[in-house]
Amino acid sequence: MAALLADCTALIIDPNPTSRSVLSAQLRDAGMVTVMQSGRVIDARRQLETREFDVVLCEMDFHGNAPTAGVRTQTGQELLDELRAANLLPWATVFIMVTGERSYAKVAEAAESALDSYLLKPFTTQALHDRMMQARQRKKVLKDIYVAIDDGQFETAARLCTERFRHRDTYWLYAARLGAELLLRLEMHTAARELLDAVVAHQALPWARLGLARAQLGAQQTTPALRSLESLIADEPSFADAYDVMGRTQVAQGHLQEAMVTYQKACDLTPGSLRRQQKLGMLAFYAGDQAAAAKALDKAQVLGQGSKLFDFQSVVLLAIVRFRQRDGKGLGRCAVDLARALEKAPQSRRLQRMSGIVGAFDLMLRHQVGQVVETLRRLASEVSAKDFDMEAACNLLTAIAQLTAAELNLPDAEAWVQAIGQRFTGTKGISELMAGAAGAHAPYGELIKQCHVQVAESVERSMMHCVSGRPDAALDALLGHARSTLNQKFVDTARGVLKRYADKLEDAPRHHAALEELVRLLGARPAPMASVGVEDADSGGLRIRAGAAEPNSLPGG
């Protein structure tokens with residue numbers, strides 16, 4: 001027994017010193033030599049962000065801990081969700097929840113979250129050892145799947161999972177969940193639905209029902225997906241992941257107020273969740289609810305102290321709230337926080353732009369008008385840059401609108417807003433998000449919406465050439481708009497025309513060359529979806545940590 005665990009490292013997370021001592025003794029009796037302890041979730045999270053452990057024993061209930069600055073402590077389940085969201089748990093780590101809670105609901109919730117195991121207090125050293133070995137055995141049996149994932153061979157891993165499920169081999173249900181997640185990531189939505197339908201037919205597990213809704217969304221079947229989500233939430237009102245997917249869908253549709261309500265419900269269920277508090281604060285900001293934004297962003301800042309999960313976009317928006325409150329000290333603290341982050345990642349263009357935005361507001365409060373104008377002019381000169389993304393666009397729009405509303409004379413402001421709108425609008429969700437960003441000065445919000453209409457009309461007029469049998473003319477028009485606006489929607493539409501009308505084009509090589517030139521200019525990414533903060537496309541699913549995709553070590557990077 002001892003030899004098998006001698007080289008393993010463990011972390012015990014429990015608010016009770018006596019419990020930690022007992023668990024530590026049990027692990028050492030089982031043969032483990034290196035055992036570390038943490039009494040607070042926030043400290044444990046930092047440890048797990050900086051090193052890997054073979055085994056994590058985590059208490060479910062931390063209510064005994066004193067709240068930090070009025071913020072309720074996370075549960076062990078919420079900590080696990082946060083770690084998976086940030087890809088901070090490698091597949092080899094065995095995560096075991098420890099608790100005195102004996103209700104079936106809690107056990108089921110843990111099992112459906114793909115825990116490695118669940119132990120009810122009190123338990124013996126032998127029981128702990130058996131659970132650890134069982135969990136390690138599962139990882140051993142599924143090693144070929146995990147190795148394929150680590151190598152980035154997602155299709156191979158998905159095939160292995162599907163085969164294990166069909167043959168009902170050992171751990172087939174877990175393999176089905178992992179396989180469905182891989183298929184969704186590969187955008188093989190039909191295959192994912194077939195697998196998830198089979199799971200639901202066996203047992204209507206919440207994670208499988210949520211997976212079906214995500215597959216529907218991936219196939220752009222938004223209305224059926226929303227019905228699936230509404231049904232799931234009605235049946236499982238405490239299933240926080242379902243609210244994540246619902247909220248993300250509502251943002252993409254441009255329903256910011258509805259999304260804010262959805263994320264508020266998720267935060268009520270998991271008040272210690274940093275990720276959800278950040279989303280709530282950002283949505284409240286763009287929806288125009290400054291009081292709710294300030295409350296959620298303040299809470300996120302407390303939860304995120306020293307954490308890699310903290311998104312510095314929260315600092316930017318909080319700084320703007322402080323500006324509106326004429327809170328110079330609060331705004332100064334935000335500027336200092338960003339400066340410290342920038343010291344750690346001096347090459348980060350994202351952090352550099354964020355620092356510029358916050359600096360402009362700080363300068364405005366100090367009446368350094370000339371420097372404010374120069375800062376905005378410099379930031380606006382980057383609108384056509386390849387790495388200037390929708391987040392940077394929203395931040396610049398917010399700064400232009402807020403400072404115009406503060407009676408700063410910006411002669412070029414309308415041209416800047418026009419350039420941003422022409423480049424990024426393309427969906428209702430993006431239009432509403434950007435209009436919200438520019439909401440402090442109503443004419444700019446309206447200008448963004450006009451840009452959205454103009455882009456949609458330009459796409460429609462271009463596609464009319466296809467209807468009249470002239471796909472070459474459609475491509476010329478689409479690629480011309482793409483060059484003049486740098487809007488990815490025109491590029492994506494042109495790519496679709498090239499594929500659909502390949503056998504009807506008179507000059508396909510010329511169009512392919514023009515498209516490749518634009519891809520080099522803009523990057524190969526598709527048109528953005530409306531989102532706030534660091535994108536969380538895997539909301540509601542298992543987080544897959546692949547060797548080729550390291551976790552985001554600094555959200556400002």
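# Salt bridges and buried helix faces

Arginine 350 and aspartate 311 form a salt bridge, with their closest N and O atoms 2.8 Å apart. This pair links distant parts of the chain, 39 residues apart: arginine 350 belongs to helix α19 (residues 349–365), while aspartate 311 sits in the loop between α16 (290–303) and α17 (313–324). Arginine 350 is buried, at a relative accessible area of 15%. Aspartate 311 is also buried, with 3% relative accessibility. The model described here is a predicted one.

## Other salt bridges

Side chains of opposite charge can pair when their charged atoms come close. In this model the count of salt bridges is 20. Three of the pairs are listed below.

| Pair | Closest N to O distance |
|---|---|
| Arginine 350 and aspartate 311 | 2.8 Å |
| Glutamate 181 and arginine 214 | 2.8 Å |
| Glutamate 163 and arginine 159 | 3.3 Å |

The side chains of glutamate 181 and arginine 214 meet in a salt bridge. Because glutamate 181 lies in helix α9 (residues 172–185) and arginine 214 in helix α11 (residues 206–218), the pair ties together parts that are 33 residues apart in sequence. Glutamate 181 and arginine 214 are both buried.

The pair of glutamate 163 and arginine 159 is found within one helix, α8 (residues 154–166), where the two residues are 4 apart, or about one helical turn. An α-helix has 3.6 residues a turn, so residues three or four places apart point the same way. Is this pair buried or partly exposed? Glutamate 163 is partly exposed, with a relative accessible area of 34%, and arginine 159 is partly exposed as well, at 43%.

Some salt bridges share partners: Asp241, Asp244, Arg275 and Arg276 are joined into one network in this way.

## Helix α14 and threonine 262

Helix α14 (residues 256–269) contains threonine 262. The helix has 14 residues, and its end C-alpha atoms are 20 Å apart, in agreement with the 20 Å that 1.5 Å a residue should give. Which residues of α14 are buried? They are Leu256, Ala259, Met260, Thr262, Tyr263, Ala266 and Cys267. These residues cover an arc of only 165° around the axis, so they are on the same side of α14. They pack against α13 (240–252), α15 (274–286) and α23 (428–437).

Threonine 262 has a relative accessible area of 7%, which means that this residue counts as buried. Leaving aside residues up to four places away in sequence, threonine 262 touches Tyr243, Met246, Gly247 and Gln250. With glutamine 250 there is a polar contact of 2.7 Å between the side chains.

## Helix α20

Helix α20 (residues 369–380) has 12 residues. From its first C-alpha to its last α20 reaches 16 Å, close to the 16 Å expected at 1.5 Å a residue. Its buried residues are Val372, Val373, Thr375, Leu376, Leu379 and Ala380. Seen down the axis, the buried residues of α20 fall within an arc of 160°, so they line one face of the helix. What covers the buried residues of α20? The cover includes α19, α21 (390–405) and α22 (413–424). Helix α19 is also where arginine 350 of the salt bridge with aspartate 311 lies.

Notes. Residues numbered from 1 in each chain as written. Predicted model: local features only at pLDDT ≥ 70, side-chain atom pairs only at ≥ 80, totals over all residues. Heavy atoms only, no water. Salt bridge = Lys/Arg side-chain N within 4 Å of Asp/Glu carboxyl O. Buried < 20%, exposed > 50% of the residue type's maximum accessible area, 1.4 Å probe, protein only. Expected span 1.5 Å × (residues − 1). Arc of directions from axis to C-beta. Contact = heavy atoms within 4.5 Å. Polar contact = N/O pair within 3.5 Å; in protein donor to acceptor, adjacent residues only side chain to side chain.
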